[in-house]
Amino acid sequence: MKNHFLILINLIVLSLLCGCSSLKSLQNSIGYGISNGYYSNTTEKTETDRAKTIKDALNTIDGVESAAVVITGKTALIGLSLNTNDLDEIARLKNEAAKLAYETDTTIKNTSVTANSTIKEMIQNMEEGKLNFTLLPT
């Protein structure tokens, strides 16, 4: 009787371990082959077109003089020229810019927003093709 009980316990533990492994492989494959998600959206527009759409939206924010946007994959680098020096207002405008970027392009998962004029100029140079930039190895 004791042996049957140990065998039963081992079978339960073994089945739980196998079940967890199957669940993990299922989680890793969810979304594979979906035609209306991130994959189809990026084939419709280039990263340059997506960046221009976000830039146009950012330039409508009161307090933003100009914006520069570069997109690589799911990340948007945003540089802002603002017409204020108030730190609270700068923080609010940067948060508003990030939120608007997410709303404008739903494939964006990460943003980096700066109001530093030097960094904004670097982003603008990347945007204009004056600097070769990529986050992904070629």
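Tutor: Two elements are in contact when they have heavy atoms within 4.5 Å of each other. The model discussed here is predicted.

Student: Which strands does helix α5 lie across, and at about what angle does it run to β1?

Tutor: Helix α5 comprises residues 117-127. This helix lies across β1, β2 and β3. Its direction relative to β1 is given by an angle of about 55 degrees.

Student: In what order do the three strands of the open sheet stand?

Tutor: The edge strands each pair on one side only, and they are β1 (64-72) and β3 (110-114). The pairing within the sheet is mixed, and neighbouring strands are turned by 20 degrees against each other on average, direction ignored. The order is therefore β1-β2-β3.

Student: Do β1 and β2 pair in the parallel or the antiparallel sense?

Tutor: Strands of a sheet pair through backbone hydrogen bonds, and either sense is possible. Here β1 and β2 form a hairpin with two residues between them, and Gly73 in the turn has a positive phi of about 65 degrees. Val64 stands opposite Leu82 in β2. Over eight bridges, the sense of the pairing between β1 and β2 is antiparallel.

Student: Over how many bridges do β2 and β3 pair?

Tutor: Strand β2 covers residues 75-82, and its pairing with β3 is in the parallel sense. Gly79 stands opposite Thr114 in β3. The number of bridges between β2 and β3 is five.

Student: How many of the nine residues of β1 are buried?

Tutor: A residue counts as buried when its relative accessible area is under 20%. Helix α3 lies across β1 and β2, running at about 155 degrees to β1. Strand β1 is mostly covered, and its number of buried residues is seven.

Student: Is α3 parallel, antiparallel, perpendicular or oblique to α4?

Tutor: Helix α3 (residues 47-58) and helix α4 (residues 87-104) pack with their axes 9 Å apart, at an angle of about 135 degrees. Angles over 145 degrees count as roughly antiparallel and those from 65 to 115 as roughly perpendicular, so an angle between these two ranges belongs to neither. The relation of α3 to α4 is therefore oblique.

Student: How many nonpolar residues does the contact of α3 with α4 have?

Tutor: Helix α3 passes α4 in a right-handed crossing. Thr53, Ile54, Ala57 and Leu58 in α3 meet Ala97, Leu100, Ala101 and Thr104 in α4. By class, the contact has no charged residues and two polar ones, while the number of nonpolar residues is six.

Note on methods
Residues are numbered from 1 along each chain as its sequence is written. This is a predicted model: local features need pLDDT of at least 70, side-chain atom pairs count only at pLDDT 80 or more; totals for chains, interfaces and linings use all residues. Side-chain values use heavy atoms; hydrogens and water are left out. Axes are lines fitted to C-alpha atoms, for helices over the stretch in contact, and angles run from 0 to 180 degrees between N-to-C directions. Helices (H or I, at least four residues) and strands (E, at least two) are DSSP runs, numbered from the N terminus. Angles under 35 degrees count as roughly parallel, over 145 as roughly antiparallel, 65 to 115 as roughly perpendicular and the rest as oblique. A crossing is left-handed if the near helix is turned anticlockwise from the far one by less than a right angle, and right-handed if clockwise. Ala, Val, Leu, Ile, Met, Phe, Trp, Tyr, Cys and Pro count as nonpolar, Asp, Glu, Lys and Arg as charged, and the others, Gly among them, as polar. Buried means under 20% relative accessible area, exposed over 50%, partly exposed in between (1.4 Å probe, protein chains only).
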